[in-house]
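Trainee: Can we go through this one together? I'd like to learn how each label gets its justification.

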Amino acid sequence: MTTHERFLLMGGELSDQLAAFARDVSAGLSASPKRLDCRYFYDADGSHLFEAICRLPEYYLTRAEQEILLTRTTEILATCPPNLTLVELGSGSASKTRVLIEALLQRQGRLRYVPVDISRAALEQSSRALLRDYDTLQIVAIAAEYQDGLQQLSSVIEGPRLILWLGSNVGNFERAAASEFLRQIRRWMMPSDRLLVGIDLRKSRAVLEAAYDDAQGVTAQFNLNLLARINRELGGHFDLQGFRHRATYDEQAGCVQMYLESVREQTVLIDRLGLTVCFSAGEAIHTENSYKYSFAEIERLAEAAGLRLEGQWLDTQQQFSENMFAPAAPANAA
C-alpha cells in the first residue's frame, strides 16, 4: 500500500478556518474584558514557537510527559484491549505520540491513527513524517476543533479505541467546561474504549510562573504571535511593541492566566473586520488559562464526566500525570 493510499485528510478548508478566526477575533476584541481564544496560537509560526517552548529549561511539562510515556507505555497499554485504533485530540506535531505508535505497531502489527487538530498544515506535516517512518501505519486525519472532530470520528473508526488527550490541554478549559467536554467524549465511547489524558499537577507559584514566562522570552513571542497573526490574516495594525506578555498564577483557583497587556493608550484598526479596537494603558487581552489539578480534583473530574480512573502514572519529580479513564457505566446510561 502506497503512502497516498494510507493517508486521508478530512475537513479544515482554509476558507472555513479563516472565517472562524475572523468571527472569534471580532467577538473577543469587542467583549469586555477583551479575550482571544488560545486555540488560535497554533498557526505555522505559533507552532514553531511552541516547539521551541517545549525545549526550554523552565517548561517542565513536555519533558515530564515524555518521561512517563517512555518509561510506562507497556503498563499504560496493558490496561487496553487488543487491536486498538489510536485517536488523538490536539495532535500537533505528534512527537510524543510516536512512543505509543511504535508500541502498538509492535503489539498488533498494523495501526490506524486518527489525529484531530485545528491546524490542517500541522496535520499534513506530522502525518507525512509518520507515514514515512512507519510502513504499516494508516492515518485518517481530521482538521477540526475538538467538538466537530468528535462528530466525524464515528464514521471512520471501528473496533476498540484508545483516545489520547495529551499535553495538559484539559487545563485550557474552565473546570466545569473540562468536565462537560470529557462527558461529551464519554458519551461517544464504547465500553471497551479507553481515554488517556495528560493532566498537569498543582505546584509552586515560582515553578509555574517561570514555565509560562521564560527568561528567554519565547513564551512572550508565542503569545504576541496572536496579534501578528491578526495582522497577517485579517489586515490588523497591531504594533507588537505596544503590548507585553504577562503570566500570573492564581493559587486558589489553581490556574495560570496569560494576557497581552497594552503598554499605552492606543487604537488598533483591523481592516478585514471593519473593526476599531480601543485600548487604555494597562488594559489586557486574556489569551489562555492553564488549570492545574490535585489528585482529588482529578478524581472529581472523572466522576463528573461519568468516567472511572483505571490507572495513573507520574514522572519522577511528580510534576505531571498521565491518567487512564474508562467509561464508568454503559454509554446509554451516561
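Mentor: Start with burial: in this predicted model, 53% of the 334 residues count as buried.

Trainee: What makes a residue count as buried?

Mentor: Its relative accessible area has to be under 20%. Of the 334 residues, 53% pass that test.

Trainee: How do you know whether the radius of gyration agrees with a compact globule?

Mentor: Set the two values side by side. A compact globule with 334 residues would have a radius of gyration near 20 Å, and the protein has 20 Å, so the two agree. As for its extent, the C-alpha trace spans about 60 × 45 × 40 Å along the principal axes.

Trainee: And what share of the contacts links residues 24 or more positions apart?

Mentor: A contact needs heavy atoms within 4.5 Å. Counting contacts with a separation of 6 or more, 74% are between residues 24 or more positions apart.

Trainee: Why are β10 and β11 called a pair?

Mentor: Pairing takes at least two bridges, and β10 and β11 have 5, so they qualify. Their sense is antiparallel. One of the partnerships joins Q266 to F279 in β11.

Trainee: What lies between those two strands?

Mentor: The hairpin has 4 residues there, and G274 takes a positive phi near 60 degrees.

Trainee: Which side chains of β10 are buried?

Mentor: Q266, V268 and I270, which point to one face. T267 and L269 point to the other face and are not buried. That's why we say the side chains along residues 266–270 alternate.

Technical notes: Residues are numbered from 1 along each chain as its sequence is written. This is a predicted model: local features need pLDDT of at least 70, side-chain atom pairs count only at pLDDT 80 or more; totals for chains, interfaces and linings use all residues. Side-chain values use heavy atoms; hydrogens and water are left out. The radius of gyration is taken over C-alpha atoms; the globule rule is 2.2 Å times the number of residues to the power 0.38. Buried means under 20% relative accessible area, exposed over 50%, partly exposed in between (1.4 Å probe, protein chains only).
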